[in-house]
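Hello,

Here is the structure I promised to pass on to you. Have a look at it first, and then read on for what turned up in it.

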Amino acid sequence: KVAIKGIERELICPACKELFTHPLILPCQHNVCHKCVKEILFAFEDSFTDGGSESSNQSSPRTKIPSASMDRIDRISRTGRKRNSLTPRSSLFPCPGCQRDIDLGERGINGLFRNFTLETIVERYRQAARAAVAIMCDFCKPPPQESTKSCVDCSASYCNECFKVHHPWGTAKAQHEYVGPTTNFRPKILMCPEHEMERVNMYCEICRRPVCHLCKLGGCHANHRVTTMSTAYKTLKEKLSKDVEYLISKESQVKAHITQLDLLLKETECNSEKAKEEATQSFEKLYHVLEEKKSAAFRAIETSKNLRLEKLQMQAEEYQGLLENNGLVGYAQEVLKETDPSCFVQTAKQLHVRIQKATESLKSFRPAAETTFEDFVVDIAKQEKILGDLSFHSNGLEVPEINEEQTKMYNEALISWECPGKTDSADIYVLQYHKINRGEESTTWQEVEVCSKSKVIADLDDDSSYAFRVRGYKDSICSPWSREVILRTPPAPVFSFLFDDKCGYNSEHLLLNPGRTSVESRAGFPLLLGSERMQVGCYTTLDYIIGDTGIAKGKHFWAFHVEAYSYLVKVGVVSSNKIQKLFHNTHDVTSPRYDQDSGHDSGSEDAAFDSSQPFTLVTLGMKKFFIPTTPAAPKDPASRILPLPSCLGICLDCDKGKLGFYDAGCMKCLFECEVDCSGIMYPAFALMGGAAVHLEEAITAKYGEYDDI
């Protein structure tokens, strides 16, 4: 029998708060019940359909999520939320363990492994909890007898007599494997969820999951570093065993920390009461003026006390879990009993990371919260004229600073800030912003309260400048305002698209990431073969790729990043009636024979260039932005070369036939030209040599949602 009483916390599903039932391992290494995964995916889909209704709350999916047909649940599980009917996106799953959106891939939950090791431990725990409740034979006539063994191959339990009847000597069933009575049956061999007929025999060190040989040969793990299952099993088991032994050897130290935390809990309780008394004495002297301030002080003390008690209690529970046969250590000891390498390695990696963190915390023990409440002593020495601004004593609340590197403006504004000293951070922040209008003397600031250190601001006007500032509040005191930061919104609404992997896409020369948001040119062997054309005075051609969505009317803006190492990249737009000419253009635009600038100033090159090109593109490369040669462009070649912005934007106005290229960091226009918008216009890109382009990711509310986790 297994000592299992102290590991309940490790066996509870973070979604339903009950013991795991058929747990699945997510890519983030957290475990969630199979049923909970389906229900959360269904609610996540509905949250986008309904614009964020109450069904998006996953705190208790089994009780708060309405039931739905299995057909719809399975559809969501396989495909996830779709961008539109023509362009499906991978399944996004909001993990209740780490509170982040996890990409489940194209197969959805069908690509997840069941955690058989965890399932076995949960079954052992259930048996230990019910103790006297026996597992009955599945084949006895009423009344059934108590089972004596369970057949792994039949997934059933038998008494001695029924086992002999159903497994007669001399038959194939006589060779079945049997174990002690159990209700938890798992396959004898762990099969690959992507290739259902193949058993897993390798471990991917990049994705931290078991894989089969087909996954390594031609699947999504083709370029990943893998190791044999036996090696992974041996390595992880040695590491986990060593760390568990270390924690067990430090049991006396853990108990000492627990005792210290108990004292800190009592001291916190005592000091909070003292702080209340001191606050009461101070406020009584100015009762009539300070009645509202008194209530605020009480609320602040209670909130701080509860927060500190919660932190200290949680820390005490975490250290309690480091004792032998308790919590994390107990769970790890149970995992170490797993003998199946495949099942062991899929559970042990994430567990080993947690054990390592626990080991590091022992070396530098530090209480999770302070026990003193000195900051809540009321200052009553000032004159009555400042009673309206009465505040608590404080060592000084630092002025927050808006981090301009992490702050950005795209479809929405993401404002991030930080406190330089990080010694006395605020409990809450107030972010203010207003639109800058020339000629207006007075400004009206809009403000929003924020609990984290970043905030997404939506519904801003296009082609406008906004000022932002932030200040911190801790209880009843506040910091001065930060320095104002001015950001400019894009000149038009943001247009979202992905790279098209169908139309004209050259997979031999170009490499797309799975999300189709990044493209990279492969300067490999095919390019070397093509360089033989240099013997006849012609270089290799560009490889083109377009967006998967077109624009028929209106004004639109999109942005992207070009890697600094990129040798040659062209960006712009192409019309639908010229796409075929784009991908089958006989002219090689990188050949010296078709160089648009031959060194003469006659202007004939411009006319020849405009008439021969089926698209409108500008050239980027070697950290430079090249303004095209036009009659209006500067004649000096040096003045046509600008530093390449870290983020480049393109604005297409179909109604006016204008195409502008912008520094997306400050929304400054670098170059604008006319373009023929008679057809549907598609974003177009061309790469040659070593180069890469990454589409700018749209800003969503989740940017600042888990900032402090």
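Let me begin with one residue. Setting aside neighbours within four places in sequence, glutamine 346 is in contact with Ile25, Gln29, Phe113, Arg114, Asn115, Phe116, Leu190 and Pro210. Glutamine 346 belongs to helix α11 and, with a relative accessibility of 4%, counts as buried.

One of those partners, Gln29, has a feature of its own. Glutamine 29 is not a glycine, yet its phi is positive, at about 75°. Glutamine 29 sits in the loop between β1 (23-25) and β2 (31-33), and its relative accessibility of 5% makes it buried as well. A second positive phi, near 65°, is found at lysine 623, again a residue other than glycine. Lysine 623 lies in the loop between β26 (615-621) and β27 (624-626). Is lysine 623 buried or exposed? Lysine 623 counts as exposed, at 54% relative accessibility.

Now for the overall picture. Please keep in mind that this is a predicted model. The protein has 709 residues, of which 45% count as buried, and its chain forms 14 helices and 33 strands. Among contacts with a separation of 6 or more, 66% are between residues 24 or more positions apart.

How far does the confidence go? The mean pLDDT is 76, and 76% of the residues reach 70 or more. Confidence is highest in strand β24 (residues 555-562), with a mean of 95, and lowest in helix α2 (residues 61-64), with a mean of 38. Two stretches deserve some care. Over residues 535-539 the pLDDT stays under 50, and the model has 14 contacts for them beyond four places in sequence. Residues 586-614 also have a pLDDT below 50, with 41 contacts in the model beyond near neighbours in sequence. Where pLDDT is low, the predicted coordinates should not be read in detail.

Next, the inside of the protein. Which residues of the largest nonpolar core touch the most other members? They are Leu11, Leu240 and Phe344, in a core of 70 residues. Helix α11 (residues 341-363) supplies the largest share of this core, eight residues. Domain 1 (1-45 + 89-133) and domain 2 (231-363) each contribute at least three residues to this core. Beyond its neighbours within four places in sequence, leucine 11 is in contact with Glu18, Leu19, Phe20, Leu118, Ile121, Val122, Tyr125 and Tyr331. Apart from this core lies another one, of 48 residues, including Val456, Leu652, Tyr662 and Val675.

Tyr331, a contact of leucine 11, is also among the buried residues of α10. Helix α10 (residues 327-335) is largely enclosed by the rest of the structure, because nine of its nine residues are buried.

The aromatic rings are worth a tour too. There are 14 aromatic pairs in the structure. Tyrosine 433 and phenylalanine 468 make a stacked pair, 5.9 Å centre to centre with 25° between the planes. This pair links distant parts of the chain, since tyrosine 433 is in strand β15 (residues 428-435) and phenylalanine 468, 35 residues apart from it, is in strand β18 (residues 465-474). Both of these residues, tyrosine 433 and phenylalanine 468, are buried. Phenylalanine 557 and tyrosine 662, in turn, meet edge-to-face, at 6.1 Å centre to centre and 80° between the planes. Here strand β24 is joined to strand β30 (residues 658-663) by two residues 105 apart in sequence, and both phenylalanine 557 and tyrosine 662 are buried.

Elsewhere, ring pairs link Phe139, Tyr158 and Phe163 into a cluster. Lysine 149 lies over the face of phenylalanine 163, 5.1 Å from the ring centre, while arginine 469 lies over the face of tryptophan 445, at 4.0 Å.

One last stop is lysine 555, placed in strand β24. Lysine 555 is partly exposed, with a relative accessible area of 35%. Lysine 555 and proline 493 are 62 residues apart in sequence, but 7.2 Å apart in space, C-alpha to C-alpha. Leaving out neighbours within four places in sequence, the contacts of lysine 555 are Pro491, Ala492, Pro493, Cys651, Leu652 and Asp653. Of these, Leu652 is also a member of the 48-residue core.

Happy exploring, and best wishes!

Key:
Residues numbered from 1 in each chain as written. Predicted model: local features only at pLDDT ≥ 70, side-chain atom pairs only at ≥ 80, totals over all residues. Heavy atoms only, no water. pLDDT = per-residue confidence, 0-100. Helix = DSSP H or I, 4+ residues; strand = E, 2+ residues; numbered from the N terminus. Contact = heavy atoms within 4.5 Å. Core = buried A, V, L, I, M, F, W, Y, C linked by side-chain atoms within 4.5 Å. Buried < 20%, exposed > 50% of the residue type's maximum accessible area, 1.4 Å probe, protein only. Domains from an automatic or database assignment. Phe/Tyr/Trp six-rings, centres within 6.5 Å; stacked < 30°, edge-to-face > 60°. Lys NZ or Arg CZ within 6 Å of the ring centre and 35° of its normal.
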